[in-house]
Amino acid sequence: MDQAKLNQLSDEAVVDLVCRGNQEAYATIVKRYQQPLLRYARYLLSNPDDAMDAVQEGFIAAYKYLNSFNPSMKFSSWLYRIVHNQAMNTLRKRKNVVSTDELPNIVATKINHEEDQERRELKRQLDNHLQELPTKYRVVLTLYYIEEKSYQEISDILRMPINTIATHLSRAKSQLKKIYQMNEGAL
Amino acid sequence: MTKDKKPDMAESVMAKITTDHICIKSKTTIMVGTIAIGMGLGLLVALSVIITSVALHNIASWGPFGYLWFGVIGLLPFIQTLPWVWIGLSFALILLGFKVLKHYDFSYRTGYRMILLTFCCTVLGLAFIVDKIGIHQHISRQPLLRQIYISTGDGNHWMSGEVIIASQSGMVIVTPNQQQVVIRVTKSTKLPAGSNFQPGTKVQTIGSFVDNFFEAEGIRF
């Protein structure tokens, strides 16, 4: 099957092809998700090399366990989950958070002008102060505002109840606002 | 000005898959793994129930909470007779079971608090039933397994057991560790529950050994 046709297929259909022996079709999955996953991993790890390793290892782990993918879940959530675990393992090993200087300035370019005011404002704050938040809040905020995942998808990725996601998001926003106000006041 | 080069991960991932001969795990392998984890969880639950029921049984027979009735003086016997090892093991197994359960999809959709509560209640309920059925009485008669039920908390200043002989001046009791001890009642012995001890009554006492007799400062039943 040529690349143009593969590109038109859904994730699940491509996965089905790979599981049936079309190994090369997996490259389509990698191409589709490498950028969003790298962006997500960079926000978690603050280091492009570590992010690259985590995503690459994630893709390979996902390939090995493609047969365990549960179609009742979104494939993208499953893939994010795997990369999230890889990133968390790296964080645990490292146990230190790198400064925000290494963060790519992705957020500003992603702002869609049709998005609501709150989302845009929070994205701006996120870009500046995300690394000052604890990991559990940073993860939820990144997934919700940067990766634009729904509560259900975040719940599937982080394996947390939706209520917990909502609580973390609310607390994260409140902490972020405090950090923002403190920094604004200091200027 | 430098421009970020977007990495083409597809090539490197596919190259690694090919050169390292990475294969997709078969559904059978994954299913075997899932079944093994399920069986492990089942065994973990069974072990949690057994350990918790031993803890409950030992609490019932050693009666640590009864010593608190004596006031501050009863604190030490309470701490020493509480089956800490079994309680600790029970907590550890329940937490381990909960951690394993957390990896199942249903758990995060249901909510962890509910899962933990349900798991604790299930283990405690089953442990209570196991204890009430009388399995421990049976096991405690087996020479090899008796050690599980022997209190390590018997001290020189407290004693508990069942009265086998009773008189005005004292009584003879059998401790949970099957030792016979003569308890001497003096004028200063506090007997707030009265002194009408009958054979078969379970008593707890604090005091000290004097000439091979346990001179009671207080007795309750």
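Trainee: Which residue follows α8(A), and what is the sign of its phi?

Mentor: Helix α8 of chain A is followed by A:Glu148, which has a positive phi, near 55°. Helices are DSSP runs of H or I, at least four residues long, and strands are runs of E, at least two long, numbered from the N terminus. This is a predicted model, in which local features need pLDDT of at least 70 and side-chain atom pairs pLDDT 80 or more, while totals for chains, interfaces and linings use all residues. Residues are numbered from 1 along each chain as written, chains are lettered from A and ligands numbered from 1 in written order, and side-chain values use heavy atoms, without hydrogens and water.

Trainee: How many residues of helix α8 of chain A are buried?

Mentor: The helix spans residues 135-146, and 10 of its 12 residues are buried (under 20% relative accessible area; exposed is over 50%, partly exposed in between; 1.4 Å probe, protein chains only). Among them are A:Tyr137, A:Arg138, A:Leu141, A:Tyr144 and A:Ile146. An α-helix has 3.6 residues a turn, so residues three or four places apart point the same way. In α8(A), however, the buried residues include the consecutive run A:Val139, A:Val140, A:Leu141, A:Thr142 and A:Leu143. The helix as a whole is mostly covered.

Trainee: Where else in the model does a residue that is not a glycine have a positive phi?

Mentor: A:Arg159 has one of about 55°, and B:Asn212 one of about 65°. A:Arg159 sits in the loop between α9 (151-158) and α10 (162-186) of chain A. B:Asn212 occupies the loop joining β4 (202-210) to β5 (213-220) of chain B. Because its relative accessible area is 71%, B:Asn212 counts as exposed.

Trainee: Why does A:Ser76 count as buried?

Mentor: A:Ser76 counts as buried because its relative accessibility is 5%. The residue lies in helix α5 (residues 75-94) of chain A. Leaving aside residues up to four places away in sequence, A:Ser76 touches A:Asp11, A:Tyr33, A:Lys149 and A:Glu153 (contact: heavy atoms within 4.5 Å).

Trainee: How should one read B:Val130, and which residues does B:Val130 touch?

Mentor: Compare sequence separation with distance in space. B:Val130, in helix α7 (residues 112-133) of chain B, is 77 residues from B:Ser53 in sequence, yet their C-alpha atoms are 6.4 Å apart. B:Val130 touches B:Val49, B:Ser53, B:Ile135 and B:His136, again not counting residues up to four places away.

Trainee: What is the pattern of chain A along the sequence?

Mentor: The pattern is α-α-α-α-α-α-α-α-α-α, with 10 helices and 0 strands. Of the 187 residues of chain A, 51% count as buried. Among contacts in chain A with a separation of 6 or more, 66% join residues 24 or more positions apart.

Trainee: How many residues of chain B are in contact with chain A?

Mentor: In chain B, 24 residues contact 32 residues of chain A. The two chains bury about 2,500 Å² between them, 66% of it on carbon and sulfur atoms (accessible area, 1.4 Å probe, lost on putting the two parts together, summed over both). B:Met9, B:Ile24 and B:Tyr108 supply 27% of the area that chain B buries against chain A, more than any other three residues. The elements giving two or more residues to this side of chain B are α1 (9-19), α2 (27-62) and α6 (105-110). Of these, α1(B) gives the most, with 8 residues.
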